[in-house]
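Student: Before we look at any single feature, could you take me through how such a model is read, term by term?

Tutor: Gladly; let us put the model in front of us and begin.

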Amino acid sequence: MFMKNALPDVPRRIVLAAHAVPLVTLPSALWRLALAAGLPVSEVSVDSAPQALYVVCLAVFSEALALLTLGLVRPWGEVVPRWIPLLGGRAVRPLAAAVPAVLGGIVLAVLLSWAFYRHTTAVGLEGTGTTAQYALLLVCYIPLLAWPPLLITVAVAYHRRRTATTAGSGGSAASGGARGDVTGTPRQGA
């Protein structure tokens with residue numbers, strides 16, 4: 001079903017990787033929402049409305065970032081949707097999407113590695129509550145380790161696909177080249 005929304009020249013494995021990103025971040029977001037709602041997922045509790053709001057915003061923000069990966073395999077990753085003010089309808093330069101995605105993947109890898117290292121060496125079962133709560137925490141957070149490699153893989157594939165397409169067309173997508181715009185539609189008056 002989701003394959004029909006992807007661009008036709010994107011390999012199936014890359015589309016699957018892009019769609020896996022929001023799925024691997026979902027368990028941790030749901031865990032955070034459960035914590036904010038006061039469910040007994042940890043011995044740590046959210047004591048105030050600002051703390052709950054922070055936890056909810058963190059869950060929503062991480063899922064929103066994960067969903068941006070889909071832009072690397074869908075049309076809105078090549079041409080900004082028309083409803084976006086000032087930028088709508090403009091071609092997305094390959095580096096403008098690929099560089100932040102790769103850098104984000106590297107930052108995620110460092111942050112997640114550090115968090116898992118600290119948790120496994122210094123915290124262990126302490127601070128998480130019961131064995132069941134600890135197991136739930138692991139089940140919800142271990143999938144996050146797949147986020148950086150999936151994101152970097154999709155970003156590199158995006159960059160290769162976009163630069164190979166524009167290089168072979170005699171011009172660049174940013175300048176219009178011989179193709180007109182990134183959808184292959186010739187520009188008027190060209």
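Student: What should the 25 residues of helix 1 span?

Tutor: The expected span of a helix is 1.5 Å times one less than its number of residues. For helix 1 this gives 36 Å, and its end C-alpha atoms are 37 Å apart, which agrees. Helices here are DSSP runs of H or I with at least four residues, strands are runs of E with at least two, and both are numbered from the N terminus. The model is a predicted one, in which local features need pLDDT of at least 70 and side-chain atom pairs count only at pLDDT 80 or more, while totals for chains, interfaces and linings use all residues. Residues are numbered from 1 along each chain as its sequence is written, and side-chain values use heavy atoms, with hydrogens and water left out.

Student: Where does helix 1 bend?

Tutor: The bend at a residue is the angle between axes fitted to the seven residues ending there and the seven starting there. In helix 1 the bend is about 35° at Leu26, and a proline, Pro27, follows within four residues. Just after helix 1, Gly38 takes a positive phi of about 90°.

Student: How is the crossing of helix 1 and helix 2 described?

Tutor: Axes are lines fitted to C-alpha atoms, for helices over the stretch in contact, and angles run from 0 to 180 degrees between N-to-C directions. Angles under 35 degrees count as roughly parallel, over 145 as roughly antiparallel, 65 to 115 as roughly perpendicular, and the rest as oblique. The axes of helix 1 and helix 2 (residues 49–67) cross at roughly 170° and come within 9 Å, and the two helices are therefore roughly antiparallel.

Student: And which angle does helix 1 make with helix 4?

Tutor: Helix 1 (residues 12–36) packs against helix 4 (residues 131–141) at about 135°, with the axes 7 Å apart, and that makes helix 1 oblique to helix 4. The contact (heavy atoms within 4.5 Å) is made by residues including Pro27 and Trp31 of helix 1 and Leu136 and Tyr141 of helix 4.

Student: Is Pro94 buried or exposed?

Tutor: Buried means under 20% relative accessible area, exposed over 50%, and partly exposed in between, with a 1.4 Å probe and protein chains only. Pro94, which lies in helix 3 (residues 94–123), has a relative accessible area of 12% and is therefore buried. Not counting residues up to four places away in sequence, Pro94 touches Tyr158, His159, Arg162 and Thr163.
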